[in-house]
Amino acid sequence: MSPRFFTVHHTFKAEAACQFWETFKPIMANESARCEALSKHEEFGVYLHSFLPVTHEGPVFSTWEAKPGITSKALQAFLDGDDALMMGLMNNTIYPVDLELAGGLPFPLHFVDCEEGEDSGDPKISAHEREWLQHELSTMQSSEAAGDAAVAMTMAVSPGKLPTKEEQAWLERQLSNVSEADEAEAWLEKQAVEAALADEAVEAARERTANEKQNGNV
C-alpha cells in the first residue's frame with residue numbers, strides 16, 4: 001500500500017495572518033526550531049513537500065505526503081490542531097490527489113515503503129533513485145561508498161533529511177561484500193533493472209484495470 005498525496009488550500013482565520021508570520025518566520029530561520037516543528041508532522045505520519053503562500057494575507061497552498069492509512073479526516077484533524085505548521089491559525093481545505101490523473105507522483109516519495117514480508121530495515125527505492133545512486137557510487141571509493149551513498153540517496157529523495165539508521169544499515173549490508181566500485185555499480189544496475197520491471201508491471205496492471213472499467217461502461 002503506497003503513501004497518499006493531498007493538496008491543501010489554507011486561508012487565515014480572522015486577523016490571524018500577522019500572528020502566523022511573526023511565529024512562522026523565526027521558526028523557519030532557525031534550523032533547530034524548524035526540525036523540531038517538522039518532526040511533529042513525521043510523528044503523525046505526514047510530510048510537507050511544498051508550502052506556497054500567495055500573499056501575506058493568503059491564501060496558501062501546500063502539498064502533503066501521508067503514510068498508508070492516513071485518511072483525509074485524520075489529516076484534517078491534524079492540520080486543524082496545534083501541532084501542525086498551521087498552528088491552529090488557518091482554515092484548511094483538503095483535496096486528495098488523483099495520482100493516475102496527475103500522471104505519477106508529484107514529488108519523490110519521502111516515506112519509502114518496505115516490500116511485504118521483507119526485513120523492515122530494507123527500504124524500497126525506485127528505479128530512478130537506484131540509477132542516480134549507481135552514478136554516485138561509481139565515483140566513490142568503495143570503502144566509503146555505503147555511508148556516503150546512504151546520505152546521498154536520502155538527500156535526493158527527501159532534501160534536508162539525514163538517512164535513518166535502517167537506510168544506512170541496508171546499504172552497508174548490501175555493499176559489505178563489495179570490494180570494487182565496479183562491483184557496486186553492477187549490483188545497483190541490476191537493482192535498477194528489477195525495479196524498472198516491477199514499475200512496468202504495476203503500470204500494466206493499472207492499464208488493465210482502466211480498460212476493464214471502460215469496457216464495463218460501454
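Which strands do the buried residues of α1 pack against? They pack against β1, β2 (46-53) and β4 (90-96). The tour below works through a predicted model, beginning with that helix.

**Stop 1: helix α1**

Select residues 17-29, which form helix α1. At 1.5 Å a residue, its 13 residues should span 18 Å, and the end C-alpha atoms are 18 Å apart, which agrees. Now pick out Ala17, Phe20, Trp21 and Phe24, the buried residues of α1. Turn the view to look down the axis of the helix: these buried residues fall within an arc of 90 degrees, so they line one face of α1. Then colour Glu22 and Ala29, which are exposed on the other side of α1.

**Stop 2: the rings around Phe20**

Show the aromatic side chains next. The whole structure holds 8 aromatic pairs. In one of them, the ring centres of Phe20 and Trp21 lie 4.9 Å apart with their planes at 80 degrees, so this pair is edge-to-face. Phe20 has a relative accessible area of 0% and is therefore buried. Trp21, at 10%, also counts as buried, because the cut-off is under 20%.

Keep Phe20 selected and add Phe51. The centres of these two rings are 6.3 Å apart and their planes stand at 40 degrees, so the pair is tilted. This pair links distant parts of the chain, with Phe20 in helix α1 and Phe51 in strand β2, 31 residues apart. Both Phe20 and Phe51 are buried.

To see the wider group, select Phe12, Phe20, Trp21, Phe24 and Phe51 together: ring pairs link these residues into a cluster.

**Stop 3: His10**

Move on to strand β1, residues 4-12, and select His10 within it. Is His10 buried or exposed? With a relative accessible area of 0%, His10 is buried.

Which side chains make polar contacts with the side chain of His10? One is that of Ser62, at 2.6 Å. Another is that of Asn92, at 2.7 Å.

Finally, display what surrounds His10. Leaving aside residues up to four places away in sequence, His10 touches Pro59, Val60, Phe61, Ser62, Trp64, Met86, Met90, Asn91 and Asn92. Ser62 and Asn92, the polar partners shown a moment ago, appear again in that list.

**Back to the start**

Show β1, β2 and β4 with α1 once more to view the packing of the buried helix residues against these strands. His10 can be left displayed as a marker for β1, and Phe51 as a marker for β2.

Technical notes: Residues are numbered from 1 along each chain as its sequence is written. This is a predicted model: local features need pLDDT of at least 70, side-chain atom pairs count only at pLDDT 80 or more; totals for chains, interfaces and linings use all residues. Side-chain values use heavy atoms; hydrogens and water are left out. Helices (H or I, at least four residues) and strands (E, at least two) are DSSP runs, numbered from the N terminus. Buried means under 20% relative accessible area, exposed over 50%, partly exposed in between (1.4 Å probe, protein chains only). A polar contact is a pair of N or O atoms within 3.5 Å; within protein, one must be able to donate a hydrogen and the other to accept it, and residues adjacent in sequence count only if both atoms are side-chain atoms. Contact means heavy atoms within 4.5 Å. The expected span of a helix is 1.5 Å times one less than its number of residues. The arc is that of the directions from the helix axis to the C-beta atoms. Rings of Phe, Tyr and Trp (its six-membered ring) pair if their centres lie within 6.5 Å; planes under 30 degrees apart count as stacked, over 60 as edge-to-face and the rest as tilted.
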